[in-house]
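Welcome, and thanks for taking a look at this structure. The report below walks through the ligand site and then turns to some backbone details.

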Amino acid sequence: MKLAQRMDQFKGYLGTEMNVRLTKMKEEGKDVINLGLGDPDVTPPQHLLDALKEAVCEPHHHHYPSFYSIRPLRTAIADWYQRRFGVKLDPDTEVIPLLGASEGLFHIHLCLLDVGDVALVPDPSYPSYEAGVKLAGGQIEWVPLLRKNGFLPDLDSIPADVARKARMIWVNYPNNPTGAVATPEFFRRLIDWAKTYDVVVVSDTPYSEICLDGYCAPSFLEFEGAKEVGVELHSLSKSYNCCGWRAGMLVGNREVVAGMAKIKSHADRGMYYPMQVAVTKALNGPVDFMEERNQAFQERRDVVVKGLRKVGLEVDIPKATFYVWSTVPKGYTSSDFCFKVLDAANVWMIPGSMYGRHGEGYLRIALTHPVDRLAEAMERLKKFMS
Ligand SMILES: Cc1ncc(COP(=O)(O)O)c(C=O)c1O
């Protein structure tokens, strides 16, 4: 069987491949601590579970959904953005639900890129941006995220001829994998830059509600002129503790939203109707559970940062996300180190190089287990290092 050539141009999602290996290790009786996949041990609040259960049991909720979603859901998304960020959105033209942010962030390349068009993609970054650009036939120009710049893109270092050719730029704050956050100045400068070069900004912000130490993440759309140049993706996966629900949203520039609605009318035909009802309830409902959850992430982060520093690794304290981004010891590549720790100590951390060339020299730890389990992982790491 001969598949299309484009299938050789991108890799399958890293988590899928590693999960097969980790599951095999567990079947062999190994006590593996998986600090890889960003799917924490938290559960959706009870009112969300009740809403979904009730909606599933309605016999007339099982037809094809409208691909453009029920109006109460679009209104709930717009109201949530207004309450949370002070951003005003028209529910009819500036909002579309997604089957998780992943679905939207993959399809959006088909909406914005013609074959050969340039997309600016951060390095390191979430691997699906690269795969999406390649599947759409686009060309990637990498934008390094360096520690000395707080893991923000240095827009001034993008050559003018590259910026002029670019059709879109990805930004993702709070950031996976580095845990970095963006300043208001960065977003203002980004909007000016995007206007100058006529580049669409795509802001991916699934971690906006995972904020630590009293930090409150902004939305890119809060800043003047943002809607003229871009869109934002958000997701309930991390915010509402329901990674498996596959529920998210795309909001902002109405031309991009309309383009995505056209693609989705063929690609997925819309979110399962009971899910639309439950997501509406979630977005209109209480968010007090987030504080306790984020407090737990904060405690976990402190245990991990302390453990890593104790063995001499360099790590900045993340103000958001449930990721810790650390250097690897001198003399190892990211990949060597992480696979050696996996084999010797049965702790899996993701090599930074899996997120791009500039991720080399780093590793990412996901705070997806309780404090005692993370402490155990740090203890195993200490033993390995000594
Ligand atoms: C940066 C980033 N964007 C998007 C996603 C996908 O989120 P969702 O579960 O909504 O598809 C993730 C998931 O880990 C992520 O880290």
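Helices (H or I, at least four residues) and strands (E, at least two) are DSSP runs, and they are numbered from the N terminus. With that naming in hand, we can start at the ligand in this predicted model.

**Around the ligand**

Helix α4 makes the biggest contribution to the shell around the ligand, giving three residues. The whole shell holds 15 residues, and the closest are Ser102, Asp204, Ser235, Ser237 and Arg246. By character, the shell splits into six nonpolar, six polar and three charged residues.

Several side chains place a polar atom close to an oxygen atom of the ligand, and the table lists three such pairs.

| Residue | Ligand atom | Distance |
|---|---|---|
| Ser237, polar side-chain atom | oxygen | 2.6 Å |
| Lys238, N or O atom of the side chain | oxygen | 2.9 Å |
| Arg246, polar side-chain atom | oxygen | 2.6 Å |

How much of the ligand does the protein bury? On its own the ligand exposes 400 Å², and 94% of that is buried by the protein. The space that the ligand takes up is the second largest pocket. Two or more residues of the shell come from each of α4 (101-112) and α9 (236-239).

**A three-stranded sheet**

Next, have a look at the strands. Strands of a sheet pair through backbone hydrogen bonds, in either a parallel or an antiparallel way. Here, three strands form an open sheet in the order β9-β12-β11, with antiparallel pairing. The edges are β9 (323-327) and β11 (350-351), each of which pairs on one side only. Strand β11 is joined to β12 (residues 362-366) by two bridges, and these strands run antiparallel. If you would like to find a particular bridge, Pro351 has Leu363 in β12 as its partner.

**Backbone details in the loops**

Most peptide bonds are trans, and most residues other than glycine have a negative phi. Where in the chain can you find cis peptide bonds? One runs from Tyr173 to Pro174, with omega near -10°, and another from Asn176 to Pro177, with omega near 20°. Pro174 lies in the loop between β5 (166-171) and α7 (184-197), and Pro177 is likewise in the loop between β5 and α7.

Phe151 is also worth a visit: its phi is near 55°, a positive value in a residue other than glycine. You will find Phe151 in the loop between β4 (139-144) and α6 (160-165).

How values were computed
Residues numbered from 1 in each chain as written. Predicted model: local features only at pLDDT ≥ 70, side-chain atom pairs only at ≥ 80, totals over all residues. Heavy atoms only, no water. Near = heavy atom within 4 Å. Polar contact = N/O pair within 3.5 Å; in protein donor to acceptor, adjacent residues only side chain to side chain. Areas by Shrake-Rupley, 256 points an atom, 1.4 Å probe, with all protein chains shown as cover. 1 Å grid on protein atoms, 1.4 Å probe; cavity = no way out; pocket = protein on both sides within 12 Å on 5 of 7 lines; lining within 4 Å. Sits in = over half its atoms within 2 Å of the grid points. Nonpolar A, V, L, I, M, F, W, Y, C, P; charged D, E, K, R; others polar. Pairing = 2+ DSSP bridges.
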